[in-house]
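Here is a short exchange for someone new to this model. Please look at the sequence and the structure first.

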Amino acid sequence: MLQRHISDDAALIDPSPSITGRRLLFAALVVGTIAGLLWLTAVALSAGGFGPLKGVIVVLFGITLPWTVIGFWNATIGFLIMRFAADPTAVVVPSATRVRGDEAITAATAILICVRNEAPDQVVRNLGPMLQGLTACGFADRFRVYVLSDTDLPDIAVA
């Protein structure tokens, strides 16, 4: 049954060449930006000579750059798509255009509750309204609830 859901989800993946092109463009933007910033940093630090300490500073700066640069390009591209695309969802996820909205839900969804030393009756009380809502909508059979507990108090663990 799980295999069926995986294959159903795999059909939604768009293997078009445009996705590969997007990934290559994004990688080029990120690598080019990192290279440019490292070069600018080295130039800025080279006043008065470039010694080993300044080299270490450039290397450490380079280690932190990917997170900043990837975040910058994600935000910039997202802004441009949201601002100028007629249908931003179709631009980002081309397979979403095949969704009509009236299809039956076929995949199961896990609801995971992580608790630690919480009173079980409180957990059940807080979970109840959500489960009642799912039941009222008629989709309760599509969800599984899992409780992950790392409780270290014996009386709560037993309850």
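The questions below go from the whole chain to its parts.

Colleague: In what order do the elements of the protein chain run from the N terminus on?
Modeller: This is a predicted model. Its protein chain holds 6 helices and 2 strands. From the N terminus on, the order is α-α-α-α-β-α-β-α.

Colleague: Which element of the protein chain has the lowest mean pLDDT?
Modeller: The mean pLDDT of the protein chain is 85, and 89% of its residues reach 70 or more. Residues 1–12 are below 50, and beyond near neighbours in sequence this stretch has 8 contacts in the model. Among the elements, α3 has the highest mean pLDDT, 95, and the lowest, 43, belongs to helix α1 (residues 2–10).

Colleague: What percentage of the residues of the protein chain count as buried?
Modeller: The accessible surface of the protein chain comes to about 11,700 Å², with 70% of that belonging to carbon and sulfur atoms. A residue counts as buried under 20% relative accessible area. Of the 159 residues, the buried share is 14%.

Colleague: How far apart are the end C-alpha atoms of helix α3?
Modeller: Helix α3 covers residues 52–84, which is 33 residues. At 1.5 Å a residue, α3 should therefore span 48 Å. The value in the model agrees with this: 47 Å.

Colleague: Where in α3 does a kink of about 40° lie?
Modeller: The kink comes shortly before proline 66. The residue at the kink is also on the list of buried residues of α3, which includes Val58 and Gly62. It is leucine 65.

Colleague: Which element gives the largest share of the largest nonpolar core?
Modeller: That core has 5 residues: Val30, Ile34, Leu65, Val69 and Trp73. Two or more of them come from each of α2 (17–45) and α3. Within the core, Val69 touches Val30 and Ile34, among others. The largest share, 3 residues, comes from α3.

Colleague: Which strands do the buried residues of α5 pack against?
Modeller: In α5, the buried residues are Val123, Leu127, Gly128 and Leu134. One of them, Gly128, is where a kink of about 35° lies, shortly before proline 129. The buried residues of α5 pack against β1 (109–115) and β2 (143–149).

Colleague: Which residue with a positive phi follows α5?
Modeller: Helix α5 runs over residues 120–137, and its end C-alpha atoms are 26 Å apart, in agreement with the expected span. The residue that follows has a phi near 85°. It is glycine 138.

Conventions. Residues numbered from 1 in each chain as written. Predicted model: local features only at pLDDT ≥ 70, side-chain atom pairs only at ≥ 80, totals over all residues. Heavy atoms only, no water. Helix = DSSP H or I, 4+ residues; strand = E, 2+ residues; numbered from the N terminus. Buried < 20%, exposed > 50% of the residue type's maximum accessible area, 1.4 Å probe, protein only. Areas by Shrake-Rupley, 256 points an atom, 1.4 Å probe, with all protein chains shown as cover. Expected span 1.5 Å × (residues − 1). Bend = angle between axes of the 7 residues up to and from the residue. Core = buried A, V, L, I, M, F, W, Y, C linked by side-chain atoms within 4.5 Å. Contact = heavy atoms within 4.5 Å. pLDDT = per-residue confidence, 0-100. Lists of a residue's contacts leave out its neighbours within four places in sequence.
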